[in-house]
Each structure stands twice: as C-alpha cells, then as structure tokens.
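Please consider the following protein model together with its sequence. The explanation below is meant to be read with both in view.

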Amino acid sequence: MKYILLTGILFLSAFGYSQSNVNELFAAGINDAEKFSDSYFGPVSEGAIYSLSNGWYNSADSKPLGGFEISIIGNMTSFKNKEDKKAFVLNTADYENLQFVDGSTSKSVSTALGDMEGIRVFVEGEVGPITTREEFELPTGLASENINFIPSAFLQLSVGLVKGLEMKARFLPKIDTEDVAVGLYGVGLQYDFSKLLPADKILPVALSAVAGYTHLNASYDFTDSNIVDGSDQQIEVDMNVLTVQAVASTKLPIINFYGAIGYVSGKSTTDVLGTYQVQSGPFQETYVDPFSLTRKASGVSGTLGAKLKLGFFRLHADYSLAEFNNLTVGVNFGFR
C-alpha cells in the first residue's frame, strides 16, 4: 500500500494509492470504483478542511497602522479517536459487483484515515463463454502507519491598516517534486471593535471579528509507464475553506490569552485523471479521466490559546475543538 504526503514536508494526505489498487477497483466497474473512492477519501478531505481553517489569529487586539507580523504557522489536526472517520460500512447491496470473499454482505472497512487490513473482496462476471473471478484486498489507511493527524503549514503576514482593521495573507510557495506538487494561498481580515470605544487604551480586553479564506491545490502523479505510455495518471485536489470567528483576548505586555468561537465551511474536489486499463476481471476496459469526487464539510469551532511576546519575537499556541480537533503553533516576528 502506498500513501502520499502531498507536500512531502508538512501537508499530509492520502489522496493516492498504488497503481495496482486503482486498476483493481476499476475491475469492479466504474460505478463501484467511484462509490468506494468517495467513502474512502471523504474523511481525509473533511480533516484537511478543518486543518486549513486554523491559524488566522493569535490575538483580538488588531495592529495599528503600519504594524506588522510575519508568522510561520503549523497545524496538527487529529483523528486519533475519530473511529467514525476511520471506517465506513460497505454494504454489497449498494454495489453492482463488489462482494466479500468471506461471504459477508455488510462489513466495516477502512477509510484513508483508518487501519483495517486484510479485507478481501472479489468481482465475478462473464467474459465470453468464460466466468471470471478477480480477488483483491481493499486498501487500508494512515492509521496503519501510526499516523493519526493531518498537518498543514504556511507563512502568514498580518498588517495593520486603518483604525481597528488588520489585513492578513497566507501562502505556501508552490512545491513541485517528481511526483507531488502543492501550494496554497489565503486572505483574511480582522476588525477590532474595541478600537471604537473611548476607553480602548485602558480596557484589559479586546474583541474582534476575523474572516479568512484559504485555497489549496495539490496533485500526485502515479503514472505507470509499463501500462499506458503517456497516460498521466494523477490525482488532483482543489480545496476552498472559509472561516468566520469572534475572538476575545487580554491586552497585557508579555503573556496574553485568547479565545474564539466561530464557523468553518469548506469544499474539496478530487479529480482522478489519466488513462486506466483494466486487464483482468469482467470489465476489461480503458477509462479516461474516470471520475471526480466532491466533499463538503462545515461546523462550529471553539478555540483557546496563549501568546508570549518578547520584543520582536513572539510565540503562540492554541487548541480548537471542532469535528476534527486541531493544535496550532506559531513562531512570529513583528513590529508593534
């Protein structure tokens, strides 16, 4: 089994499996392959959406005009205890051709986050006068490699504009290796309502609204030149994430604490591209750009964190409770 680190460094995903597994799933027919892939990859998309929604703020106190902060942000989105995201029930009645080798009609199988191994299925059909049977093992997931989180990382810049308004931008420069390519960008705004109050300078707390949008594009090329020359077999992921948060924080010289409650919404599109030849089983066909999978995720999140300020150097960390819990750590360099 081959699982993929889409960035090769920090953004983990499992939007890829080996060439043999792709062809084995297509041996069950295009409809079964698409249905299984949607259930298998869906939880990874959901976890990545929650991961990318984090890291937009470390204080409700917006920067004054000309103030800025450059940050290196890292997120770790956990699915260790999300058993409902690590497996799904495969009911053979919902599939046209997939059957369990042990005769079961319904069984829990692994998603791309899971660790269930050794589950074998088969496809049976007529090829001319001959009855064929193709057996193969369903893929397991990241937990089988003792990986129980989805990380993301990026650079972020925050700049103070007019009174109470702060603009933010985040990006991960395009990383392009032999097999993997990934990049992201995002924009956000923070407005500090406390700045409207006459007693702003003496109030011990700040209150802000934060809105942020992140776009990620990634691809994994697993072309097998021994099967179809120039087939360009790859998986492309396009993800858009929006979050809106209400943030409160203390306003102290060195150590501050902050909390937030908000809403996360995102959409992920995964395109399976290229040419795939099925050379065994009842479906001996060639598929070109066979299908596209779409997954949406949304929900409420709550965050608690702390920030340490030592002159130009700052550190912050926070933990968010949501459908997928997340730990954010940031190293910041700023002025004012």
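The paragraphs that follow treat strand pairing, selected residues, and the internal and open spaces in turn.

The model is a predicted one, and a convenient place to enter it is a run of paired strands. Strand β9 covers residues 180-192, and strand β10 covers residues 205-221. These two strands run antiparallel and are joined by 13 bridges. One of the pairs in this register sets Val182 opposite Ala218, its bridge partner in β10. On to the next pairing: β10 also pairs with β11, again in the antiparallel sense, over 17 bridges. Here Leu216 has Met239 of β11 as its bridge partner. Strand β10 thus takes part in a pairing with β9 and in another with β11.

Within β9, Gln190 deserves a closer look. Is this residue buried or exposed? Gln190 counts as buried because its relative accessibility is 1%, and the limit for that class is under 20%. Its side chain makes a polar contact with the side chain of Ser208, at 3.4 Å. Leaving aside residues up to four places away in sequence, Gln190 touches several stretches of the chain. Among its contacts are Tyr57, Ser59, Ala60, Asp61 and Ser62, as well as Gly164, Leu165, Glu166 and Lys168. Ser208, Ala209 and Val210 also touch Gln190.

Two residues in that contact list lead on to spaces in the model. Tyr57, which touches Gln190, is one of the residues lining the largest cavity. The structure holds 4 cavities of 30 Å³ or more, and the largest has a volume of about 90 Å³. Its lining includes Ser53, Asn54, Gly55 and Trp56, together with Thr243, Gln245 and Val264. Ser301, Thr303, Asp318 and Ser320 also line this cavity. At least two lining residues come from each of β11 (234-250), β15 (291-310) and β16 (313-321). By class, the lining has 8 polar, 3 nonpolar and 1 charged residues.

Asp61 and Ser62, which likewise touch Gln190, lead instead to the largest pocket. This pocket has a volume of about 680 Å³. Of the 36 residues that line the pocket, those closest to its centre are Asp61, Ser62, Lys63, Pro64 and Lys195. Two or more lining residues come from each of β1 (68-78), β7 (149-160), β8 (165-176), β15 and β16. The greatest contribution is that of β1, with 3 residues. The pocket lining has 14 charged, 12 polar and 10 nonpolar residues.

Another buried position is found in strand β13, which spans residues 275-277 and contains Tyr276. With a relative accessible area of 0%, Tyr276 is buried. Its side chain reaches the backbone oxygen of Leu273 at 2.4 Å. Tyr276 and Phe26 are 250 residues apart in sequence, yet their C-alpha atoms are 8.2 Å apart in space.

Finally, two loop residues stand out by their backbone geometry. Asn146, in the loop between β6 (130-137) and β7, has a positive phi near 60° although it is a residue other than glycine. Asn146 counts as exposed because its relative accessibility is 69%, above the 50% limit. Asp289 lies in the loop between β14 (286-288) and β15. Its phi is also positive, at about 45°, and it is not a glycine. With a relative accessible area of 45%, Asp289 is partly exposed.

Terms used. Residues are numbered from 1 along each chain as its sequence is written. This is a predicted model: local features need pLDDT of at least 70, side-chain atom pairs count only at pLDDT 80 or more; totals for chains, interfaces and linings use all residues. Side-chain values use heavy atoms; hydrogens and water are left out. On a 1 Å grid over the protein atoms alone, a cavity is a set of points where a 1.4 Å probe fits but cannot get out, and a pocket is an open set with protein on both sides within 12 Å along at least five of seven lines; lining residues have an atom within 4 Å of a point. Grid points are joined across faces, edges and corners, and a volume is the space filled by probe spheres set on the points. Helices (H or I, at least four residues) and strands (E, at least two) are DSSP runs, numbered from the N terminus. Ala, Val, Leu, Ile, Met, Phe, Trp, Tyr, Cys and Pro count as nonpolar, Asp, Glu, Lys and Arg as charged, and the others, Gly among them, as polar. Buried means under 20% relative accessible area, exposed over 50%, partly exposed in between (1.4 Å probe, protein chains only). A polar contact is a pair of N or O atoms within 3.5 Å; within protein, one must be able to donate a hydrogen and the other to accept it, and residues adjacent in sequence count only if both atoms are side-chain atoms. Contact means heavy atoms within 4.5 Å. Two strands pair if DSSP finds at least two bridges between them.
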